[in-house]
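Hi,

Here is the structure I promised to pass on. Have a look below, and my notes on what turned up follow right after.

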Amino acid sequence: MARILIVEDEPDLALSLEEDLRRQGHQATVARDGAQGLELGTSSSWDLVLLDVMLPKMDGFEVCSELRRAGATTPVILLTARTQEAEKVLGLDSGADDYVTKPFSLRELRARIRAQLRRGSRETEHVFHFGECEVNFDRAELRRSGQPVDVTPQELRLLGVFLRNRGRVLSRDRLIEAAWGNGTAITDRAVDTHVFNLRKKIEPVPSAPRFLIGVRGLGYRFEDEDLTNS
Ligand code: CA
C-alpha cells in the first residue's frame with residue numbers, strides 16, 4: 001500500500017484516479033490546483049505524486065520543480081495533454097520521473113505507478129535479474145545464462161544506474177552525472193557508445209533492444225519487464 005497524491009483539476013478524472021488507486025489498495029488524496037498540490041506535497045510524506053501539467057494557480061512543471069527545491073525525492077509522474085510538454089519538462093530536468101499522455105488507460109498508468117513504487121524500494125538491492133541476465137553488484141559480475149560476461153567497471157556502473165531506475169527515462173546528462181560523476185568530460189556520443197556495448201552484452205537481439213530502449217530526443221530507459229508484460 002502506498003500513499004499517493006493526485007494533483008488534478010478535472011473532477012471526473014481526479015475521481016476515477018482516486019477510486020482506481022483505492023481499489024489497488026493505496027491511499028489517495030486529491031489536490032485541485034497547483035498551489036494546493038505544492039502545499040500538500042511538501043507538508044506530508046508521499047510515496048508517489050501524480051501531477052497534471054495544466055493546473056489553475058500554478059502549473060505542474062512549477063509544482064514539480066518547487067517540490068524538488070524543497071527537497072522532496074518522491075517519484076513524480078506527469079499527466080500531460082501532449083507528449084511535447086513532458087519531453088520539455090524531462091529535457092529540462094525539472095525533476096519529474098515519468099509521464100503519461102492524456103488520454104491514458106488506467107492499466108497503463110497502473111503499470112507506470114508500479115514501476116515507480118518499485119524503484120523506491122529497489123535502491124538497496126544488489127542482485128538484479130532480467131531476461132537471461134543476472135547482475136551481482138557485490139561481486140561486480142554479469143552473468144548471462146549462467147556464464148560470466150566480460151564487462152568493464154564503467155559499463156557495470158552504467159548498468160547499475162539503469163537497473164536502479166527501471167522504467168524511468170534518463171537523459172544523457174543524468175546518466176553522465178550518475179555513472180561517471182559530475183564534471184566529467186564525457187560526451188553524449190560516449191554515452192551512446194557505452195549503451196551500444198552494453199546492448200551487445202545483455203540484449204538477445206542488440207539491434208532490436210528489449211531492455212535498453214532509446215527514447216527519442218530524451219535519452220534512454222531500461223524497460224521494466226512488468227511494464228512490457230502488463
Ligand atoms: Ca488540467
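In helix α6 of this predicted model, the buried residues are Gln154, Glu155, Leu156, Leu158, Leu159, Gly160, Val161, Phe162 and Leu163. That makes nine of the twelve residues buried, so α6 is largely enclosed by the rest of the structure. The helix covers residues 153–164 and reaches 16 Å from its first C-alpha to its last, close to the 16 Å expected at 1.5 Å a residue.

Next, the sheet. Five strands form an open sheet with parallel pairing, in the order β2-β1-β3-β4-β5. The edge positions go to β2 (27–31) and β5 (98–101); each has a single partner strand, so one side of each is left without a neighbour in the sheet. On average, neighbouring strands are turned by 20° against each other, direction ignored. If you want to look at one pairing in detail, try β4 (residues 76–80) with β5: the two run parallel and are joined by four bridges. Leu78, for instance, has Tyr99 in β5 as its bridge partner.

Then there's the empty space inside. The count is two cavities of 30 Å³ or more, and the second largest has a volume of about 30 Å³. What lines that second largest cavity? You'll find Leu17, Asp20, Leu21, Leu106, Leu109, Arg110 and Ile113 around it. By class, that lining has five nonpolar, no polar and two charged residues. Both α1 (11–23) and α5 (106–122) supply at least two lining residues each, with the largest share, four residues, coming from α5.

Cheers

Note on methods. Residues numbered from 1 in each chain as written. Predicted model: local features only at pLDDT ≥ 70, side-chain atom pairs only at ≥ 80, totals over all residues. Heavy atoms only, no water. 1 Å grid on protein atoms, 1.4 Å probe; cavity = no way out; pocket = protein on both sides within 12 Å on 5 of 7 lines; lining within 4 Å. Points joined across faces, edges and corners; volume = space filled by probe spheres on them. Nonpolar A, V, L, I, M, F, W, Y, C, P; charged D, E, K, R; others polar. Expected span 1.5 Å × (residues − 1). Buried < 20%, exposed > 50% of the residue type's maximum accessible area, 1.4 Å probe, protein only. Pairing = 2+ DSSP bridges. Axes fitted to C-alpha atoms, helices over the stretch in contact; angles between N-to-C directions.
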